[in-house]
Amino acid sequence: MIPYGKQEISNQDIESVVEVLNSDFITQGPKVPEFEQALICYTGAKYACAVNSGTSALHIACLALDVGKGDIVWTTPNTFVASANCALYCGAQIDFVDIDPRTYNLSAVFLSEKLVKARQENRLPKVVIPVHFSGQPCEMKAIHQLSLEYGFSIIEDASHAVGASYLGKPVGNCDYSDITVFSFHPVKIITTGEGGMALTNSSDLAYKMRLYRSHGIDRDIQEENNNEGKWFYQQTALGFNYRMTDLQAALGVSQSKRISEFVFERHRLAARYDALLADLPLDRPYQSSASYSARHLYVIQLFLDSLKKTRKEIFNELVACGIGVNVHYIPVHTQPLYRALGFNSGDFPEAERYYSRAISLPLFHHMTESQQDSIVDALTRVLA
Ligand SMILES: *Cc1c(COP(=O)(O)O)cnc(C)c1O
């Protein structure tokens, strides 16, 4: 089976992790700040906070922005559930903004329309979480402009977009957001096994996120009375144990040296798909000229009206051919948990239409051309 995504682990990666196993620190130690520094250098953000997953990074990002009961968070329905769950963790309400049918990203136009209505109803969001779906950055300039007009904060969910750039600058620099979140799950661009990071240019947000990462405990706090010594710490907030281990961070440091190479390879393979699929009854992924995608996913949209098979039949036949296709994403608002909160099918028609026609083809940076050719051959036969 050719998987839809897969990590690449080099001998150097393995040596880096083994080195940590032989060292004094295996939980959060010196490798964690080194990994944070590597991504600060790569993105240009001022601060970084590495944690044990992208989901944890989203959670502490919401907490640092004071998301809580009575607040509303908006995101896109075309995402992994974690982008919405983080608001619920904080006791906030969630709502969605439908997608741009060209990029499959949260639409800045729909956002603008929804904000006008929300202001009239006095239900403006505190935070908006645009997701750079498939690695292609959202229209951050327009979204940022709206944030100034309507007073919301922005968390970029860049789980797919490590190594992407927007208007010529690296995603993660937070030029148009308060916080950017990365995931290092093995199918993503670089991996730490499990892991995530939150980047920001605000020292205040960075301080809060570090606090929430480790129980809400501040070890640098000034000793208030002279009877306290080096052991002294103060818990000032209800935090979590979201720490990344040094084993993970060492893998991250080693992987991060290859971000550009990985993304370049993904572009080369995506361009090959574009050429090889040109005559098939499907839409290939549109790429905006404002951005350089990280090419996390290669999603095709089937012309189901002119095909004699359903998406399910096509999907199953590809799996039977040994092709590990996938579907990204079931619109979050149609999940049972979200239906129980009052959402229904039909609420976000663009995301639902997109979902009904979508198949993600395998794409990972060390996929061979012959693997890719066999995927295209199978797809051609199945669609014939
Ligand atoms: C993978 C992913 C996450 C969650 O990241 P984890 O590291 O798996 O917790 C969040 N949002 C999106 C869009 C993702 O693809």
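This passage walks through the unusual backbone spots, one helix pair and the empty spaces of a predicted model.

Start with the backbone. Most residues other than glycine have a negative phi, and most peptide bonds are trans. Against that background, a few places here stand out. His328 and Tyr329 are joined by a cis peptide bond, with omega at about 0°. Tyr329 sits in the loop that runs between α10 (311–320) and α11 (336–339).

Two residues other than glycine turn up with a positive phi. Tyr104 is one of them, with phi at about 70°, and its home is the loop between β3 (93–96) and α5 (108–120). Ser134 is another, with phi near 65°, and this residue belongs to the loop between β4 (127–129) and α6 (140–150). How buried or exposed are they? Tyr104 has a relative accessibility of 7%, so it counts as buried, the cut-off being under 20%. Ser134 comes out at 10% and therefore counts as buried too.

Both residues come back when the inside of the model is searched for empty space. Rolling a probe the size of a water molecule over the atoms shows where such space is left. Over the whole structure, the search finds 1 cavity of 30 Å³ or more. The largest cavity holds about 60 Å³, and its lining includes Tyr104 and Ser134. Thr103 and Phe133 also belong to this lining. Further along the sequence, Pro285, Tyr286 and Gln287 contribute, as do Arg295, Leu297, Tyr298 and Val299, with Gln136 completing the list. By class, the cavity lining has 7 nonpolar residues, 4 polar ones and 1 charged.

The pockets are a separate matter. In the largest pocket, the volume is about 420 Å³. It is lined by 13 residues, and those closest to its centre are Arg210, Ser214, Ile217, Asp218 and Arg219. Two elements, α7 (203–213) and β10 (217–218), each supply at least two lining residues, and α7 gives the most, with 4. The lining of the largest pocket splits into 6 charged, 4 polar and 3 nonpolar residues.

The second largest pocket has about 340 Å³ of space. Its lining takes in 22 residues, and Thr55, Phe80, Ser183, His185 and Lys188 lie closest to the centre. Here the elements giving two or more residues are α3 (54–64) and α4 (82–89), with α3 giving the most at 3 residues. As for class, 12 of the lining residues are polar, 7 are nonpolar and 3 are charged.

That leaves the helix pair. Helix α9 (residues 259–276) packs with helix α13 (residues 369–383) at an angle of about 30°, and the two axes are 11 Å apart. The crossing of α9 past α13 is right-handed. On the α9 side, the residues in contact are Arg268, Leu269, Arg272, Tyr273 and Leu276. They meet Glu369, Gln372, Asp373, Ile375 and Val376 of α13. Taken by class, this contact has 5 nonpolar residues, 4 charged and 1 polar.

Note on methods. Residues are numbered from 1 along each chain as its sequence is written. This is a predicted model: local features need pLDDT of at least 70, side-chain atom pairs count only at pLDDT 80 or more; totals for chains, interfaces and linings use all residues. Side-chain values use heavy atoms; hydrogens and water are left out. Buried means under 20% relative accessible area, exposed over 50%, partly exposed in between (1.4 Å probe, protein chains only). Axes are lines fitted to C-alpha atoms, for helices over the stretch in contact, and angles run from 0 to 180 degrees between N-to-C directions. A crossing is left-handed if the near helix is turned anticlockwise from the far one by less than a right angle, and right-handed if clockwise. Contact means heavy atoms within 4.5 Å. Ala, Val, Leu, Ile, Met, Phe, Trp, Tyr, Cys and Pro count as nonpolar, Asp, Glu, Lys and Arg as charged, and the others, Gly among them, as polar. On a 1 Å grid over the protein atoms alone, a cavity is a set of points where a 1.4 Å probe fits but cannot get out, and a pocket is an open set with protein on both sides within 12 Å along at least five of seven lines; lining residues have an atom within 4 Å of a point. Grid points are joined across faces, edges and corners, and a volume is the space filled by probe spheres set on the points.
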